[in-house]
Amino acid sequence: MHSFAYRANALLTFSLTVLALMCAMASVSDNFNSPSPTSQVQVLNINWFQKKPDGDDEVSLTLNISANLQSLFTWNTKQVFVFLEAEYETPKNALNQVSLWDGIIPSKEYAIFGIHTANKYRFIDQGSNLRGKDFNLTLHWHVMPKTGKMSADKIVMTGFKLPDVYR
Amino acid sequence: MDWQGQKLSEQLMQIMLVAFGIIGFITGYALGSFQTMLYVYAAGVVITSLITIPDWPFFNRHPLNWLDASEVEKHPKPQNTNATSKKKASKK
């Protein structure tokens, strides 16, 4: 440690190593959080239900999405990305997932929300299979940490059905 | 800095940085603020660098006894003039 520059360099590199260890500990501390999120979705109205000229079905819905995702937030959470998907089965595909709405929750204060909206993204099928179709609405979320690994989970809400004829 | 001082400086630097890391983590975790942890740690890094990098007097408590100038003249360094001049001649 025989010169100013040598000591400065040693301090700088060691301080960064300690910082990396602190961030790793912060990431591990997230595992002690046991979240208990809740959510509810209602389809208030089927605005229209048509077959497009190219042959694919399209639906427009008005939804009421409410959720309490506060327990997902820890001191190491940067934001939570949440999105709503319609899931159903067709003869061609075992699972179809169509994203209807998404949003970013920047902090715990915004994690209790209720939103009354038309679907943000178009609900279009690959083909013409939606008449009388039973589908689930699943709320997915991705918890993005400040340091460490992203985690994701979901709540599945069943019991939704599309009309048998076009409107 | 003398040798003991260098050792002290290195030990102090490592211990202080680890200590501020732990203090920062506990403070941030208790307050639920990642930013607090980073600020406490950054302050710790600055304090540590102010104590361990400059050549403070307390790092010089065990100075080395270099040979006095008057002693050097009494004990001249042995000279090998014949051997060195022979080597130079052969290189030419």
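The contact between the two chains, counted from heavy atoms within 4.5 Å, takes 25 residues from chain B and 21 residues from chain A. This is a predicted model, in which local features need pLDDT of at least 70 and side-chain atom pairs count only at pLDDT 80 or more, while totals for chains, interfaces and linings use all residues. Residues are numbered from 1 along each chain as its sequence is written, chains are lettered from A in the order in which they are written, and side-chain values use heavy atoms, with hydrogens and water left out.

**Interface of chain B and chain A**

- About 2000 Å² is buried between chain B and chain A, and carbon and sulfur atoms give 82% of that area, which is the accessible area (1.4 Å probe) that the two parts lose on being put together, summed over both.
- The rule finds zero salt bridges across this interface, a salt bridge being a side-chain nitrogen of Lys or Arg within 4 Å of a carboxyl oxygen of Asp or Glu.
- On the side of chain B that touches chain A, two or more residues come from each of α1 (3–31) and α2 (34–52) of chain B, helices being DSSP runs (H or I, at least four residues) and strands likewise (E, at least two).
- The largest share of that side, 11 residues, is given by α1(B).

**Nonpolar cores**

- The largest nonpolar core (buried Ala, Val, Leu, Ile, Met, Phe, Trp, Tyr and Cys residues joined through side-chain atoms within 4.5 Å, where buried means under 20% relative accessible area with a 1.4 Å probe, protein chains only) has 33 residues, of which Leu69(A), Phe123(A) and Leu137(A) touch the most other members.
- Apart from it lies another core, of 17 residues, including Val18(A), Leu17(B) and Met37(B).

How values were computed:
Buried means under 20% relative accessible area, exposed over 50%, partly exposed in between (1.4 Å probe, protein chains only).
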